[in-house]
Amino acid sequence: MPLLLDRRAFLAGTGAAVALHPFALRAQANQAHLRLMETTDIHVHVWPYDYYADAAVETAGLARTAALVEDVRKEAANALLLDNGDFVQGNPLGDYVAYERGMEGGATHPVIDAMNVLGVDAGTLGNHEFNYGLPFLEAALAGTDYPVVCANVAVTPGPTPLEDETLVPPYVILDAEVTDGAGDSHPIRVGIIGFVPPQIMQWDRQHLEGRVTARDIVTTARAWVPRMRAEGAEIVVALAHTGIGPAEWTDGMEDAAIPLAAVPGIDAVLTGHQHRVFPGEDFAGTPGVDAEAGTIGDTPAVMAGYWGSHMGLIDLMLERGENGWRVAEARVEARPIYLRDDAGEVEPTVASVDAVLDATRAAHDETLAYVRRAVGRTDAPLHSYFALVADDPSVQIVSNAQAWYIERMMAGTEFEGLPILSAAAPFKAGGRGGPDYYTDVPAGDVAIRNVADLYLYPNTVRAVKVTGAGVREWLERSAGAFNRIVPGEEGQELLNPDFASYNFDVIDGVTYRIDLSQPAKYGPEGEVANPEANRIQNLSIDGQKIDDEQEFIVATNNYRAGGGGSFPGLDGAATVFEAPDTNRDVVVRYLAEQGTVSPRADANWSFAPMEGTTVLFDSGPAGMRYADRVEGVAIDPVGEAEGGFYRYRIAL
């Protein structure tokens, strides 16, 4: 059954209005201004702190978003704060609570402590709420001072959604009062219904299979919204942890906000999941939406970024008639906690709210201790000094983790059984970053903060399906990192300085050689430079040459799968799996599960030999400690180079 609550307290206000909204100024008798505030995809980012880098940040933190919430409450008393899911998982604080501290003894989850202090009125579940299993989720939800709703996850499914026994209440009707433009108070019933992507059954199969089922979002909404209206909901808000995707509805779609907004009876849609901002440039040109006005069709909608970067705000002008309240007009915005100046520097717009920090300070301090101790061990050094010239341990461990993860995700799908490869690139490889800009983690304990050294960016995991020919072209694009080398000459410069290291993908699971006597087929920006060139030689799997028509699943990241780096055949269309997890989190999980890893490079790629030919390249001077232990190639230190670098030689 739905939960019925008396929420008149949320209208109490917090003091004199600081800047009345135009709706509040224009409201007359039987007209009222109601504000819907959204947080979404907080991912346990309560403090403005990057636990991986072990440093404060200006671009995240619910404690900062809280300041925007306080401002809205001062501007107008009629306001609801709603959280759109993905709150218990997503950074080391969440992992610490799940894996170390636990939820025993009635402990409250720190992010719930923060939301209780902030005064959240209702929330829904995101897909990441299921990452730690149902018992953990139930323990976390037990600490909320507000209702958490989700209509499309059932413990016991019925013949129709209305007959499901849902994991949490499908919706809540908030009984409250609003003050109209004449100063008179009136009752209002606001219905809040929640949704989560049904893909949770794939993403967290090990936790959910046989325990719950997930229905299609739109089908579920079509069933429940009329019930909410029949029970007296005058305004219905869809608290939907789903993104803005295709305009046409298909059963089971992950990003269903557009068809959801068209369901009769829904007055506003709060979206999320995609870690993007709406209204705004992120969705400019998207069919079915107005990215400036913040509407999906005729329905107001908002998406408030991620990690507390924004607070979503939908202002509703309500009119009261014989049949109760209805929405007459709406305005939408996503308020940021920071801006960037012309030079790209971050300028905070708000400061953290002390009450939110204080409620979570103990957990924050405990998490700092947690990230500074080992999450796993490596029996070999993890360094990137030679990642651009030889198979490399820092890239190897990322590839291993990605392949481990995607193999689990492909189980039970139509792609199970296809060979799984893994593509990864070095991020810290000197260049403009200087002679110290390299990963260097010694053998032994690996702390969570070391993982940021292995994987700099908050990319998310993707899997793409490509043919053998596609694998070859992927590697041809990567091979543009090298200058053309003339056989028989010594002392030639190996690396193309215009080629970004993060576009040098190594693909594990296959073996190959790079023939540097050939010109590069692709230029530094991915442009076709020499269409007849073929640097990739002897491309094989399990000792057999790869057939051009053979199909593979390649683990990679959202940047590459979506077209980043202009790799041939990668424009998003080849993607068969979009993970909800970051590559960085996958590396942490891999380390934790494996205990001790042996990420020695396996030399699955090398340069084709050229008699009497040597090449030179620069790397960090600290790389001399490892130069004689690089697999598959002999590297000789030469001497100091410009800018504090050190010069090395390879005899091909």
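This is a dialogue about reading a predicted model, one feature at a time.

Biologist: Where should I begin with the sheets, and how do strands come to form one?

Modeller: Strands of a sheet pair through backbone hydrogen bonds, either parallel or antiparallel. In this model, one open sheet has six strands in the order β7-β6-β5-β2-β19-β20, and its pairing is mixed.

Biologist: Which strands stand at the edges of that sheet?

Modeller: They are β7 (148-149) and β20 (324-336). Each has a single partner strand, so one side of each is left without a neighbour in the sheet.

Biologist: How many bridges join β6 to β7?

Modeller: Two bridges join them, and the strands run parallel. Strand β6 covers residues 122-124. One pairing to look for is T124 with its bridge partner V149 in β7.

Biologist: Is strand β28 enclosed or open to the outside?

Modeller: Strand β28 (residues 460-467) is largely enclosed by the rest of the structure, because six of its eight residues are buried. Two partner strands can be followed from there. Seven bridges join β28 to strand β34 (residues 551-557), running antiparallel, and V461 stands opposite N557 in β34. Four bridges join β28 to strand β35 (residues 575-582), also antiparallel. There, R462 has E578 of β35 as its bridge partner.

Biologist: Now the charged residues. What is the idea behind a salt bridge?

Modeller: Side chains of opposite charge can pair when their charged atoms come close. The cut-off here is a side-chain nitrogen of Lys or Arg within 4 Å of a carboxyl oxygen of Asp or Glu. By this rule the model has 23 salt bridges.

Biologist: Which residue pairs with R189 in a salt bridge?

Modeller: The partner is D175, with an N to O distance of 2.6 Å. This pair links distant parts of the chain: R189 belongs to strand β11 (residues 185-195) and D175 to strand β10 (residues 171-179), 14 residues apart. R189 is partly exposed, at 22% relative accessibility.

Biologist: How far apart are the closest N and O atoms of D618 and R647?

Modeller: They are 2.8 Å apart, and the two residues form a salt bridge. D618 lies in strand β38 (residues 614-619) and R647 in strand β40 (residues 646-651), so the pair ties together parts that are 29 residues apart in sequence. D618 counts as partly exposed, with 29% relative accessibility.

Biologist: What accessibility do the two residues of the R326 and E319 pair have?

Modeller: R326 is at 47% relative accessibility and counts as partly exposed. E319 is at 27% and is also partly exposed. The closest N and O atoms of this salt bridge are 2.9 Å apart.

Biologist: Which residues are linked in a network of salt bridges?

Modeller: The network links R35, E75, D315, E333 and R335.

Biologist: Let us turn to single residues. Is E476 buried or exposed?

Modeller: E476 is buried, because its relative accessible area is 0% and the cut-off for buried is under 20%. E476 is found in helix α13 (residues 468-478).

Biologist: What does E476 touch, leaving aside its neighbours within four places in sequence?

Modeller: E476 is in contact with K521, Y522, A533, N534, R535 and I536. With R535 there is a polar contact: the side chain of E476 reaches the backbone nitrogen of R535 at 2.9 Å. As a distance to check in the viewer, the C-alpha atoms of E476 and D505 are separated by 9.9 Å, and these residues are 29 apart along the chain.

Biologist: Where does N91 lie?

Modeller: N91 lies in the loop between β5 (79-83) and α3 (92-101). This loop residue is buried, with a relative accessible area of 3%. Not counting residues up to four places away in sequence, N91 touches H43, V44, H45 and Y51.

Biologist: And which loop holds N78?

Modeller: N78 is in the loop between α2 (62-75) and β5. N78 is buried too, at 8% relative accessible area. A polar atom of the N78 side chain lies 3.1 Å from the backbone oxygen of H33.

Biologist: Last, the surface. Which residues make the nonpolar patch of about 280 Å²?

Modeller: Y457, Y502 and Y559 make that patch. Y502 sits in the loop between β29 (492-493) and β30 (506-508), and Y502 is partly exposed, with a relative accessible area of 35%.

Methods. Residues numbered from 1 in each chain as written. Predicted model: local features only at pLDDT ≥ 70, side-chain atom pairs only at ≥ 80, totals over all residues. Heavy atoms only, no water. Patch = residues over 30% accessible without salt bridge, like charges linked within 9 Å, V, L, I, M, F, W, Y side chains within 5 Å. Areas by Shrake-Rupley, 256 points an atom, 1.4 Å probe, with all protein chains shown as cover. Buried < 20%, exposed > 50% of the residue type's maximum accessible area, 1.4 Å probe, protein only. Pairing = 2+ DSSP bridges. Contact = heavy atoms within 4.5 Å. Polar contact = N/O pair within 3.5 Å; in protein donor to acceptor, adjacent residues only side chain to side chain.
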